[in-house]
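Let's read a protein model together, one question at a time. Have a look at the picture first, and then we can start.

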Amino acid sequence: MFQKFAWGAVAALSMLGPIATSAQAQVGPPPPTPEQLDQLESLFRIGVTLGLAGGGTLTDNYGLDIANDGQDFMNPQRLRQRYGAQYNDLLPVSGVIDFRGLPIYGFYDANSSIFRISIPALDAEGETYQNRFNGVTRQSSYDLFNDYLDEVDSAEAERLVRLLLKSLARYSPVDPLAGNPSSVQSSMIRSSLDLSSGDSAIEQAANGGTNTAGDPWIVGANYSGGSSDGGRYDFMRVDGRIARSFRLSEGGRALLKFDLPVSYSEVNGARAATAQFGVGVEFPVIAQRWSLEPRIGYGITGSDQLGSLGHMISATVASRYVLDGLGRGRLIIGNMIGYTSTMSTGFTGYNVNPGLKNWAFRNGLAYDLPLKFRGFGRNTSVRASYALTNYTGDKLYYNTFHEMTLSLGIRGREESARNARDLIRLNFNLIKAGDYTSWSAGLGFRF
């Protein structure tokens, strides 16, 4: 069924049976505005206004944190269960669902069985979604709406979901696919120029680089927490990463890099999972000084509870330049330009590709300093980095974010041939974008 394929996105639309539109003249009370629901700290904030038989209105506001928990709860049958004798099919009903920041309206007029919905926020691309369903009764109108969403051959239903998913990247600060620092889009861009780890080709000593025989693997894990939109959204995330590099030629310094990050996250308890794959070639332009790295990446995410599904690709070129002799340490200057684009979801039988296309620019600095004290009987180092990421193209909720990282490295034992680089690194990270703040702590290992 189309409704099930679209995960929570279409499931949430199925909740909209009696919600009112702001785009057309109304017969009956207006719905609450999204601003009137601000006191609700929930992923999905719902406001409903009933016209009462004796005159006056009844307004009911409440929130949900899992999209499919409310499946079908506002069709006429559910209205009777929720409001009892205060509701009947002749009275007007209006409302709004704030779908993670995207307002969606719908309504039944007084003495009418017609159900209409409207999503004015889709005006971002000159398109406003509006539709009406005319059955003999309100229940039959609502059933027509559900049938419409379930119709696998309906180009209009697919268009609705495409527009919805694209708008969520602009209006929601916690969309798993794009528009915020925790999304698949931003994770791919951050991986394309990661200044926190120091595992680039030009930063490794010739006698102990990342590709020394028998020592090619990098694994790591991070735990993150944070909030956005004044505390409306609280999130946590667990990241894992496996990476490996190979020399392209014996004695050469050009590296073929493979990277596989995965993550599990929760926003107000709603779960999402992502997986990515990246491959790049870093080649020194000036030995031990300057390198370039073209890279391509792929990422996918899905969450029925958040109402999101999609995948995308990225193509980037990163530059790293090393300045030695700055005190006891060295400065690394990083610059990157990249392009991201969502892809067709035809592999599922439906194409709800939101068509997001963005250019990304990431620039930053890292300072790496060997320390005089020893930890666990080994040499240590500290590394501080800062990066600024900017997006252009399709509108996103956050077009800019700042990232700061501090890490402590522990090197190999003195008798090891690999003592010229860190084997263990403890990382602390802070990301800031508008009212979005996240922190993370993690460990990375090379072996």
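Two strands pair if DSSP finds at least two bridges between them. Helices (H or I, at least four residues) and strands (E, at least two) are DSSP runs, numbered from the N terminus. This is a predicted model, where local features need pLDDT of at least 70, side-chain atom pairs count only at pLDDT 80 or more, and totals for chains, interfaces and linings use all residues. Residues are numbered from 1 along each chain as its sequence is written, and side-chain values use heavy atoms, with hydrogens and water left out.

Q: Which residue in the turn between β4 and β5 has a positive phi?
A: Strand β4 pairs with strand β5 (residues 115-119) in the antiparallel sense, over four bridges. The two form a hairpin with six residues between them. In that turn, the residue with a positive phi, about 60 degrees, is Asn 111.

Q: Which residue of β5 is the bridge partner of Gly 106?
A: β4 and β5 are joined by four bridges. Across from Gly 106, the partner in β5 is Ile 117.

Q: In what order do the six strands of the open sheet stand?
A: The pairing in this sheet is antiparallel. β2 (57-64) and β6 (129-133) each have a single partner strand, so one side of each is left without a neighbour in the sheet. The order is β2-β1-β3-β4-β5-β6.

Q: Which residue of β3 stands opposite Arg 45?
A: Strand β1 (residues 44-51) and β3 run antiparallel and are joined by seven bridges. Opposite Arg 45, in β3, we find Asp 98.

Q: How many residues of β4 are buried?
A: Buried means under 20% relative accessible area, exposed over 50%, and partly exposed in between (1.4 Å probe, protein chains only). On one side of β4, Leu 102, Ile 104, Gly 106 and Tyr 108 are buried, and on the other side so are Pro 103, Tyr 105 and Phe 107. For strand β4 (residues 102-108), the count is seven of its seven residues.

Q: Is Arg 100 buried or exposed?
A: Arg 100 lies in the loop between β3 and β4, and has a positive phi of about 55 degrees although it is not a glycine. Most residues other than glycine have a negative phi. Because its relative accessibility is 0%, Arg 100 counts as buried.

Q: What is the relative accessible area of Asn 268?
A: Asn 268 lies in the loop between β9 (255-267) and β10 (270-286). Its phi is near 50 degrees, a positive value in a residue other than glycine. Asn 268 is buried, with a relative accessible area of 17%.

Q: Is α3 parallel or oblique to α4?
A: Axes are lines fitted to C-alpha atoms, for helices over the stretch in contact, and angles run from 0 to 180 degrees between N-to-C directions. Angles under 35 degrees count as roughly parallel, over 145 as roughly antiparallel, 65 to 115 as roughly perpendicular and the rest as oblique. The axes of helix α3 (residues 76-83) and helix α4 (residues 138-150) come within 9 Å and cross at roughly 125 degrees. That makes α3, relative to α4, oblique.

Q: Which residues of α4 make the contact with α3?
A: Contact means heavy atoms within 4.5 Å. From α3 come Pro 76, Gln 77 and Arg 80. On the α4 side are Arg 138, Gln 139 and Tyr 142.
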